[in-house]
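Subject: Structure for your review

Dear colleague,

Please find below the structure that I am handing over to you. I would be grateful if you could read the notes with the structure open beside them.

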Amino acid sequence: MTRDLGIDDLPIRDELRGKSPYGAPQLDVPVQLNTNENPYELPPELVARIAERVAAAARTLNRYPDRDAVELRTELAAYLTRTGRHPVARENVWAANGSNEVIQQLLQTFGGPGRTAIGFEPSYSMHALIARGTGTGWISGPRRADFTIDTAAAERAVAEHRPDVVFITSPNNPTGTAVAAETVLALYEAAQAAKPSLVVVDEAYVEFSHRDSLLPLIEGRPNLVVSRTMSKAFGAAGLRLGYLAAHPAVVDAVQLVRLPYHLSAVTQATALAALEHTDTLLGYVEQLKAERDRLVTELRAAGFDVTESDANFIQFGTFDDSHTAWQKILDRGVLVRDNGVPGWLRVTAGTPAENDAFLEAVRALKKEQH
Ligand code: PMP
C-alpha cells in the first residue's frame, strides 16, 4: 500500500492535528541512559518465579482476568504500608498498565472536555499529552529558575485558573527536584478553595528520593492521589504496572472509565511475582542512589551544573545548544535525553560501567568546548 495520506488528511480530532506522538528515541547504542530505566536485569530467582506464576495463569487464560485485581492490590497495599509510613488497605489502591494509564484514567474521570489540568513545568510531558488525549485543557504552571516550585506563585496560578486537576511530580522529571510536603499541602488547600479539584502527586521516582513518600497526606484528604509505578524502583518497565493510593471513593470513581479486564492475567501474575522479591529489587535502588550521587559529584568536578536530584536521573548542563551536545554524547556511544529544557540534558543512573562511559564522554565534550 502506498503512503499517499498523512495523519492530517484523516478526519482526526482538531486538537490532534499537526501533533507528534510521545517518544524518546529507542536507538541501538552501547550505553542507553535516556529513559530512566533500572539498568539491572531481573535476578534469575525472580525470572523463575515469574515463569511459574505465569504458567499457572496461562492455564486459565480462557477466562477473563480478575477485573478488580484483588490479590495484586492487596500486595501493593502491603508494600505501601511497609514502606510509606502509613497504613494502606486494598480499598485505597488501584492498578493499571503503567502509571501512564493510571493518569489517563484519572483525567478521564476528573478532567475531560470543558475541564482543565495544571502542571508546573518543566515536568513530565505525558501529563500534558494525556490531558490532550482526554480532551482536558492544559495549563502550564510556573517553576523557579532553579526548578523548585515557588509555592506562592503556584498557589496564585491555581487560584487564577481554577483547574480541575493539579499535577505535582515529586521527584520531578526531568529536573530530579523533590517537592516539600508543605508545598503539596498549600497547593491542596488552594485547589480545594478554588474549585475543589483533584491533586495528583506523581511519585514515580520516590524510592530514589532522600525524602519520604507523601503517601501519609492522603489521610483525611479525599481529593489527594499518590501515583506510583513498578517501572523504576522495581526495575520492571517492561511489565507495565502502575498504581495509585487514595481515598476508596477515588478508586470507586476510576471504575467509571476503566476498561473491563484492563489488567491482563499475565500482568497480574508477573507483578505478584515481582512483589514477592521486593527486598532484592529494592537492593538495586540503594546501588543506584549511590551511583546517582557519584555522578552528581563527578559532573560537578568536571565543571557542569547539576540540578539537585532525588531521582535515578540527573539534569546537567548548561549548554549553549543542548541538542548539539546530546548528539556529540551520542556520537561517543552514550544515549542521554534531550527533554527540550533549554541548556540542559538528562542522564539516567546506570551500572557503574555505563556511568563511567558517560562520564568519559561528557569530560571529552567539556575539553572540546574549551
Ligand atoms: N510519571 C513520571 C514522572 C515518569 O517519569 C514516568 C515514566 N517516565 C511515568 C509517570 C510513567 O511511567 P509508567 O507508565 O512506566 O509507570
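The notes that follow describe what was found, beginning with the overall division of the chain and ending with single residues.

**Overall organisation**

Please bear in mind that this is a predicted model. The protein chain is divided into two parts: domain 1 consists of residues 20–43 together with 280–369, and domain 2 consists of residues 46–276. The centres of domain 1 and domain 2, taken over C-alpha atoms, are separated by 25 Å.

Where the domains meet, 28 residues of domain 1 are in contact with 26 residues of domain 2. On the domain 1 side, helix H9 (278–301) and strand E10 (313–317) are the elements that give two or more residues to the surface touching domain 2. Helix H9 gives the most, with 8 residues. Sorted by class, this side of domain 1 has 13 nonpolar, 8 polar and 7 charged residues.

An unreviewed UniProt entry carries the annotation "domain: Aminotransferase class I/classII large" for residues 31–362. Over residues 31–362, the chain is 42% helix and 15% strand. The C-alpha atoms at the two ends of this stretch are 13 Å apart.

**Helix H8**

Helix H8 covers residues 265–276, which makes 12 residues. From its first C-alpha to its last, helix H8 reaches 17 Å, close to the 16 Å expected at 1.5 Å a residue. Its buried residues are Ala265, Thr267, Gln268, Ala269, Thr270, Ala271, Ala273 and Ala274. What do the buried residues of H8 pack against? They pack against helix H1 (44–58), helix H2 (70–83) and helix H9.

**The shell around the ligand**

There are 13 residues around the ligand, and those that come nearest are Gly98, Ser99, Ala204, Thr229 and Ser231. Helix H3 (residues 98–110) supplies the largest share of this shell, with 3 residues. By class, the shell divides into 3 nonpolar, 9 polar and 1 charged.

**Lys232**

According to the unreviewed UniProt entry, Lys232 has the feature "modified residue: N6-(pyridoxal phosphate)lysine". In the model, Lys232 is found in the loop between strand E7 (224–229) and strand E8 (242–245). Is Lys232 buried or exposed? Lys232 counts as buried because 26 other C-beta atoms lie within 10 Å, and a residue is buried if that number is 20 or more. Once its neighbours within four places in sequence are left aside, Lys232 is in contact with Asn36, Asn38, Ala204, Tyr205 and Asn312.

**Backbone details**

Two cis peptide bonds should be noted. The bond from Asn173 to Pro174 is cis, with omega near 15°; Pro174 is found in the loop between strand E5 (165–169) and helix H6 (181–194). The bond from Gly317 to Thr318 is also cis, with omega near -10°. Thr318 has its place in the loop between strand E10 and helix H10 (322–331).

Positive phi values are the next topic. Ala69 has a positive phi of about 45° although it is not a glycine. Ala69 lies in the loop between H1 and H2 and is buried because it has 26 C-beta neighbours inside 10 Å. Arg85, which is likewise not a glycine, has a positive phi near 55°. The place of Arg85 is in the loop between H2 and strand E2 (93–96). Arg85 counts as exposed because it has 11 C-beta neighbours inside 10 Å, and the limit for an exposed residue is 12 or fewer.

**Thr151**

The last residue in these notes is Thr151, whose place is in helix H5 (residues 151–161). Thr151 counts as partly exposed because it has 17 C-beta neighbours inside 10 Å, a number in between the limits for exposed and buried residues. Not counting residues up to four places away in sequence, Thr151 touches Thr183 and Ala186. How far apart are Thr151 and Asn62 in space, C-alpha to C-alpha? They are 52 Å apart in space and 89 residues apart in sequence.

Yours sincerely,

A colleague

How values were computed:
Residues numbered from 1 in each chain as written. Predicted model: local features only at pLDDT ≥ 70, side-chain atom pairs only at ≥ 80, totals over all residues. Domains from an automatic or database assignment. Contact = placed C-beta atoms within 7 Å. Helix = DSSP H or I, 4+ residues; strand = E, 2+ residues; numbered from the N terminus. Nonpolar A, V, L, I, M, F, W, Y, C, P; charged D, E, K, R; others polar. UniProt positions renumbered as here; feature names shortened; annotations may be inferred. Expected span 1.5 Å × (residues − 1). Near = placed C-beta within 6 Å.
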